[in-house]
Amino acid sequence: MAGPMEPDGTAGCGASAVIDLGGDAAPSAGELALLQQWHGLHSGVRRMTDGLLADVEAENGLVPSSFQALMFLVAAPGQAAPMNQLAQALGFSTAGTTKVVDRLAEAGLVERRPSGSDRRVTYTALTTAGAERVLAASRTLARVLRTRVVDPLGEEVFGRLADAVASLDPAPGTC
């Protein structure tokens with residue numbers, strides 16, 4: 001899909017040309033407006049998230065994937081999870097998750113533990129240093145989230161927005 005159009009009809013936000021979608025197959029003006037709203041919402045949330053995580057990284061030295069892995073583990077039962085659950089939570093391949101866990105283990109923030117019931121399963125467990133680091137990073141995230149999102153919107157609007165978006169989750173409670 002081409003990027004949003006400028007009021008003068010020229011392509012904006014990285015779009016290079018207007019594509020003639022032709023006749024009956026073309027979305028209606030209402031559908032195009034809806035798609036542009038969705039694009040604005042999606043890209044705005046993505047850029048906002050990237051900015052929030054960049055602040056966490058700058059203050060705590062945790063790249064986004066490491067922070068997300070540690071956040072998952074701090075909330076997991078026993079602060080440990082099988083690698084496949086961590087991969088699912090991060091949305092990474094097994095190899096990508098292994099790289100993240102390798103970096104975290106080298107930094108002393110997690111350790112690998114064999115499963116007591118299935119020798120094919122390896123758990124990734126938070127260390128004390130990892131718990132301290134993720135809690136500090138969480139405080140940073142909470143502070144910048146409040147400054148950049150909650151304060152401009154107001155507590156009530158932010159709460160309603162968060163509830164509305166959460167209600168659209170097709171699989172609530174899963175990773």
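**Figure 1. Three strands form an open sheet in this predicted model**. The strand order is β1-β3-β2. Pairing in the sheet is antiparallel. The edge strands are β1 and β2, since each pairs on one side only. From one strand to the next, the twist averages 30°. In general, strands of a sheet pair through backbone hydrogen bonds, either parallel or antiparallel.

**Figure 2. Strand β3 pairs with β1 through three bridges**. Strand β1 covers residues 80–82, and strand β3 covers residues 122–126. The two run antiparallel. Which residue of β3 stands opposite Pro82? Look for Tyr123. Just ahead of this view comes the loop between α2 and β1, where Gln79 has its place.

**Figure 3. Strand β3 also pairs with β2, over five bridges**. Strand β2 spans residues 110–114. This pairing is antiparallel. Two bridge partners can be picked out here. Arg112 has Thr124 of β3 as its bridge partner. Val110 is matched with Leu126, again in β3. As a rule, the side chains of a regular strand alternate between the two faces of the sheet.

**Figure 4. Helices α2 and α4 pack on the sheet**. Helix α2 touches β1, β2 and β3. The direction of α2 makes about 90° with that of β3. Helix α4 touches β2 and β3. Its direction makes about 115° with that of β2.

**Figure 5. The largest nonpolar core has 22 residues**. Which members touch the most other members? They are Phe67, Leu70, Leu104, Val110 and Leu126. Five elements give two or more residues to this core: α1 (29–60), α2 (64–75), α3 (83–90), α4 (94–106) and α5. Helix α2 gives the most, with five residues.

**Figure 6. A close-up of Val110 shows its contacts beyond its sequence neighbours**. Neighbours within four places in sequence are left aside. Val110 is then in contact with Leu70, Leu73, Val101, Leu104 and Ala105, among others. Its contacts also include Thr124, Ala125, Leu126 and Thr127. Two names return from earlier views. Leu126 is the bridge partner of Val110 in β3. Leu70 is one of the core members that touch the most others.

**Figure 7. Helices α2 and α5 pack at an angle of about 110°**. Their axes are 10 Å apart. The two helices are therefore roughly perpendicular to each other. Angles from 65 to 115 degrees count as roughly perpendicular. Which residues meet here? Helix α2 brings Phe67, Leu70, Met71 and Val74. Helix α5 brings Val134, Leu135, Ala137, Ser138 and Leu141. By class, the contact has eight nonpolar residues, one polar residue and no charged residues.

**Figure 8. Helices α5 and α6 pack with their axes 5 Å apart**. Helix α5 covers residues 128–153, and helix α6 covers residues 155–167. The angle is about 105°, which makes α5 roughly perpendicular to α6. From α5, the contact uses Arg146, Val149, Val150 and Leu153. From α6, it uses Glu155, Val157, Phe158 and Leu161. How do these residues divide by class, and how many are charged? Six are nonpolar, none is polar and two are charged.

**Figure 9. Gln79 has a positive phi of about 55°**. Yet Gln79 is not a glycine. The residue sits in the loop between α2 and β1. Is Gln79 exposed or only partly so? At 30% relative accessibility, it counts as partly exposed.

**Figure 10. Lys99 lies in helix α4**. Lys99 is exposed, because its relative accessible area is 56% and the cut-off for exposed is over 50%. Ser66 is 33 residues away from Lys99 along the chain. In space, the C-alpha atoms of the two are separated by 9.9 Å.

**Figure 11. The whole protein has six helices and three strands**. From the N terminus on, the elements run α-α-β-α-α-β-β-α-α. Of the 175 residues, 25% count as buried. Now take contacts between residues at least 6 apart in sequence. Of these, 47% join residues at least 24 apart.

Technical notes:
Residues numbered from 1 in each chain as written. Predicted model: local features only at pLDDT ≥ 70, side-chain atom pairs only at ≥ 80, totals over all residues. Heavy atoms only, no water. Pairing = 2+ DSSP bridges. Helix = DSSP H or I, 4+ residues; strand = E, 2+ residues; numbered from the N terminus. Axes fitted to C-alpha atoms, helices over the stretch in contact; angles between N-to-C directions. Parallel < 35°, antiparallel > 145°, perpendicular 65-115°, else oblique. Contact = heavy atoms within 4.5 Å. Nonpolar A, V, L, I, M, F, W, Y, C, P; charged D, E, K, R; others polar. Core = buried A, V, L, I, M, F, W, Y, C linked by side-chain atoms within 4.5 Å. Buried < 20%, exposed > 50% of the residue type's maximum accessible area, 1.4 Å probe, protein only.
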